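Here is a short report on one protein chain. Look at the sequence and the fold first, then read on.

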Amino acid sequence: MLNVLIAHIAKINGLSEPTAKTALGIVLNSAERQASSFAPAMFKAIPGARALAARTGSEFGAATGIIARLIEQTPGGKRVVAQTMIGSLHTIGLDHKAIGHLLPSISTFMEEKYDMVGFGHLGDLIGHDLDAEISAAKAA
């Protein structure tokens with residue numbers, strides 16, 4: 001099923017399959033590092049997704065230590081992970097428009113194949129608490 005998802009991403013986004021595979025790995029690795037509910041749901045539904053996330057994270061130098069992973073789950077850490085994800089996607093040739101199309105293409109696949117709604121939204125990846133942090137700062 002992982003190959004079907006990669007082919008879907010490639011077709012929808014006009015990417016080569018190797019680029020789509022790397023992009024998916026970057027997104028999954030970033031989501032996992034932030035403890036997004038997106039990652040374990042994908043890993044459970046699609047065999048090989050966890051390995052792709054780990055392999056891609058290793059290739060791009062993602063943190064692997066326990067303390068580093070905990071830090072990445074804080075609001076500031078989530079922001080850094082999101083920035084790193086966008087930078088990594090730029091490195092493989094995606095511009096902002098392509099990145100904006102990537103996440104919804106993952107979401108569409110998960111809805112069509114697994115009846116999972118709301119996956120692949122940028123807010124899921126970056127984390128809802130960032131919006132709360134901004135609201136709290138404005139209120140203060």
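The report below covers helix packing, a buried helix face, two residues in context and some backbone angles.

This is a predicted model: local features need pLDDT of at least 70, side-chain atom pairs count only at pLDDT 80 or more, and totals for chains, interfaces and linings use all residues. Residues are numbered from 1 along each chain as its sequence is written, and side-chain values use heavy atoms, with hydrogens and water left out.

**Helix pairs**

Helices here are DSSP runs (H or I, at least four residues), numbered from the N terminus. Axes are lines fitted to C-alpha atoms over the stretch in contact, with angles from 0 to 180 degrees between N-to-C directions. Contact means heavy atoms within 4.5 Å.

How do H1 and H2 cross? Their axes come within 8 Å, at an angle of roughly 110°. H1 and H2 are therefore roughly perpendicular (65 to 115 degrees). From H1, Leu 2, Leu 5, Ile 6, Ala 7, Ile 9 and Ala 10 take part; they meet Glu 17, Ala 20, Lys 21 and Leu 24 of H2. By class, this contact of H1 with H2 has eight nonpolar, no polar and two charged residues. Nonpolar covers Ala, Val, Leu, Ile, Met, Phe, Trp, Tyr, Cys and Pro; charged covers Asp, Glu, Lys and Arg; the others, Gly among them, are polar.

H2 also packs with H6. The axes of H2 and H6 come within 10 Å and cross at roughly 175°. That makes H2 and H6 roughly antiparallel (over 145 degrees). On the H2 side are Ala 23, Ile 26, Val 27, Ser 30 and Arg 33; on the H6 side are Val 81, Met 85, Ser 88 and Leu 89. The contact of H2 with H6 has six nonpolar, two polar and one charged residues.

**The buried side of H4**

Buried means under 20% relative accessible area, exposed over 50%, and partly exposed in between (1.4 Å probe, protein chains only). Which residues of H4 (49-59) are buried? They are Ala 49, Leu 52, Ala 53, Thr 56 and Gly 57. These residues cover an arc of only 125° around the axis, so they sit on the same side of H4. The arc is taken from the directions from the helix axis to the C-beta atoms. An α-helix has 3.6 residues a turn, so residues three or four places apart point the same way. The cover over the buried residues of H4 includes H1 (2-13), H2 (17-33) and H3 (38-45). Exposed Ser 58 and Glu 59 lie on the face turned away from the buried side.

**Two residues in context**

Ser 105 is found in H7. Ser 105 is buried, at 2% relative accessible area. A polar atom of its side chain lies 2.6 Å from the backbone oxygen of Leu 102. Beyond neighbours within four places in sequence, Ser 105 contacts His 8, Ile 9, Ile 12 and Asn 13.

Ile 92 is in the loop between H6 (75-91) and H7 (96-114). Ile 92 counts as partly exposed, at 22% relative accessibility. Its C-alpha atom is 7.9 Å from that of Thr 22, though the two are 70 residues apart along the chain. Outside four places in sequence, Ile 92 contacts Thr 19, Thr 22, Ala 23, Ile 26 and Phe 60.

**Positive phi angles**

The table lists residues with a positive phi.

| Residue | Phi | Place |
|---|---|---|
| Ala 35 | about 60° | loop between H2 and H3 |
| Gly 61 | about 75° | just after H4 |
| Asp 115 | near 55° | loop between H7 and H8 (122-126) |

Ala 35 is partly exposed, at 49% relative accessibility. Asp 115 is exposed, at 68%.

Notes
Helix = DSSP H or I, 4+ residues; strand = E, 2+ residues; numbered from the N terminus. Parallel < 35°, antiparallel > 145°, perpendicular 65-115°, else oblique. Polar contact = N/O pair within 3.5 Å; in protein donor to acceptor, adjacent residues only side chain to side chain.
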